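Me: Hi! Could you walk me through this protein with me asking questions as we go?

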Amino acid sequence: MSRERVSPPERAACQWYLSRCNPRWQLGEFICAGGSAVVYELLGEKTPHVVKIIDSRFMAGRSGNRAADKELRRKCMQYVETEIVVMEQLKDCRHTMPLRAHYTLNSPNGEEAGAYVSVTLLVMPKLTPLLRYITDTKALTQQDILQLGRDIGCALGACVKNGILHRDVKPENIFVYQENGKLRFVLGDFGVSRRVAQPEGQRITGIGTDYYVAPEIRYGQPLKCLNSDIYSLGVTL
């Protein structure tokens, strides 16, 4: 079943969702639209934050009310539920993106005709995407790259400790901030992460980004341990 051309939620709809979570919040600058969500600057907090708005219709590429459409939207939102659980599990690691708040609600008229039209909002600190930082500054020093390896390696260590595969480590999912005049790096976007209680011998769905994904994930080979993300970090470096 092919995807429909479902547009991302419009700004007015996103503001409607946001106001029902917190009346003082307002959408700021539009930041990006990915394959499953839109991201805006969040106004109304003392420190800079963003809100990631995940509409199940946009994520699934299905806006209809047929049973198959609703079931696909439910399955897609299971990834969102996993993302929330994973981010909460990793909240004590300073090198993974912290989740400040999350809300799930139905879009307007979402329950008509038994529709399943769920929308989830994730509130996170506003950090600089790595590629934007590189574009703005023109270069990373060798020391910066070593620090990136240490910081994201620390994040992946926390993932392994908690039985988590990120499955999409790449420059687009790394963020930057300054601390005492030095760059620090944070791993974000756990939208396709997978919780793996017993990795040895498991075959994990081939998901991720071409060029960065580890061979055992790409070809569905049995895992020996939770080290596939290290391959992706190596390619990133």
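What follows is a chat about the sheets, the aromatic pairs and the spaces in this model.

Reply: Happy to! Keep in mind that this is a predicted model.

Me: Okay, sheets to start. What is the strand order in the sheet of 5 strands?

Reply: The order is β1-β2-β3-β5-β4, in an open sheet with antiparallel pairing.

Me: And which strands stand at the edges there?

Reply: Those are β1 and β4, which covers residues 101–106. Each has a single partner strand, so one side of each is left without a neighbour in the sheet.

Me: How much is the twist from one strand to the next?

Reply: It averages 25°.

Me: Does a helix come into this? Which strands does α3 touch?

Reply: Helix α3 packs on the sheet and touches β3, β4 and β5. The direction of α3 makes about 25° with that of β5.

Me: Back to the strands. How many bridges are there between β1 and β2?

Reply: There are 5 bridges, and the two strands pair in the antiparallel sense. Strand β2 is residues 38–43. To see one bridge on your screen, look for Phe30, whose bridge partner in β2 is Tyr40.

Me: Cool, found it. What about the sheet of 3 strands, what's its order?

Reply: That open sheet runs β6-β8-β9, again with antiparallel pairing. Strands β6 and β9 are at the edges, each pairing on one side only.

Me: Which helix packs on that sheet?

Reply: Helix α5, residues 142–161, packs on it and touches β8 and β9. Its direction makes about 35° with that of β9.

Me: How are β6 and β8 joined?

Reply: By 2 bridges, with the strands running antiparallel. Pro129 stands opposite Phe175 in β8.

Me: And how many bridges for β8 with β9?

Reply: That pairing has 6 bridges and is antiparallel too. Tyr177 has Arg184 in β9 as its bridge partner, and Gln178 stands opposite Leu183.

Me: What links those two strands?

Reply: They form a hairpin, with 2 residues between β8 and β9. Asn180 is in the turn and has a positive phi of about 55°.

Me: New topic: aromatic rings. How many aromatic pairs are there?

Reply: The count comes to 4. One of them is Trp25 with Tyr103, an edge-to-face pair. Their rings are 5.9 Å apart centre to centre, with 80° between the planes.

Me: Why does that pair tie together parts that are apart in sequence?

Reply: Trp25 lies in the loop between α1 and β1, while Tyr103 is in strand β4, so the pair connects parts that are 78 residues apart in sequence.

Me: Nice. Now the empty spaces: how much space lies in the largest pocket?

Reply: About 950 Å³. It is lined by 35 residues, and the closest to its centre are Cys32, Val39, Asn173, Phe175 and Asp189.

Me: Wait, Phe175 again?

Reply: Yes, the residue with Pro129 opposite it is also on that list for the pocket.

Me: Which elements supply at least two residues of the pocket lining?

Reply: β1, β3, α3, β5 and β6 each do. By class, the lining has 17 nonpolar, 9 polar and 9 charged residues.

Me: How many cavities of 30 Å³ or more are there?

Reply: The count is 1, and its volume is about 60 Å³.

Me: Which residues line the largest cavity?

Reply: Among them are Leu165, Arg167, Asp168, Tyr212, Ile217 and Ser232. The lining divides into 6 nonpolar, 3 polar and 3 charged residues.

Me: Last one: which helix gives the most to that lining?

Reply: Helix α7, residues 228–236, with 3 residues.

Technical notes
Residues are numbered from 1 along each chain as its sequence is written. This is a predicted model: local features need pLDDT of at least 70, side-chain atom pairs count only at pLDDT 80 or more; totals for chains, interfaces and linings use all residues. Side-chain values use heavy atoms; hydrogens and water are left out. On a 1 Å grid over the protein atoms alone, a cavity is a set of points where a 1.4 Å probe fits but cannot get out, and a pocket is an open set with protein on both sides within 12 Å along at least five of seven lines; lining residues have an atom within 4 Å of a point. Grid points are joined across faces, edges and corners, and a volume is the space filled by probe spheres set on the points. Helices (H or I, at least four residues) and strands (E, at least two) are DSSP runs, numbered from the N terminus. Ala, Val, Leu, Ile, Met, Phe, Trp, Tyr, Cys and Pro count as nonpolar, Asp, Glu, Lys and Arg as charged, and the others, Gly among them, as polar. Two strands pair if DSSP finds at least two bridges between them. Axes are lines fitted to C-alpha atoms, for helices over the stretch in contact, and angles run from 0 to 180 degrees between N-to-C directions. Contact means heavy atoms within 4.5 Å. Rings of Phe, Tyr and Trp (its six-membered ring) pair if their centres lie within 6.5 Å; planes under 30 degrees apart count as stacked, over 60 as edge-to-face and the rest as tilted.
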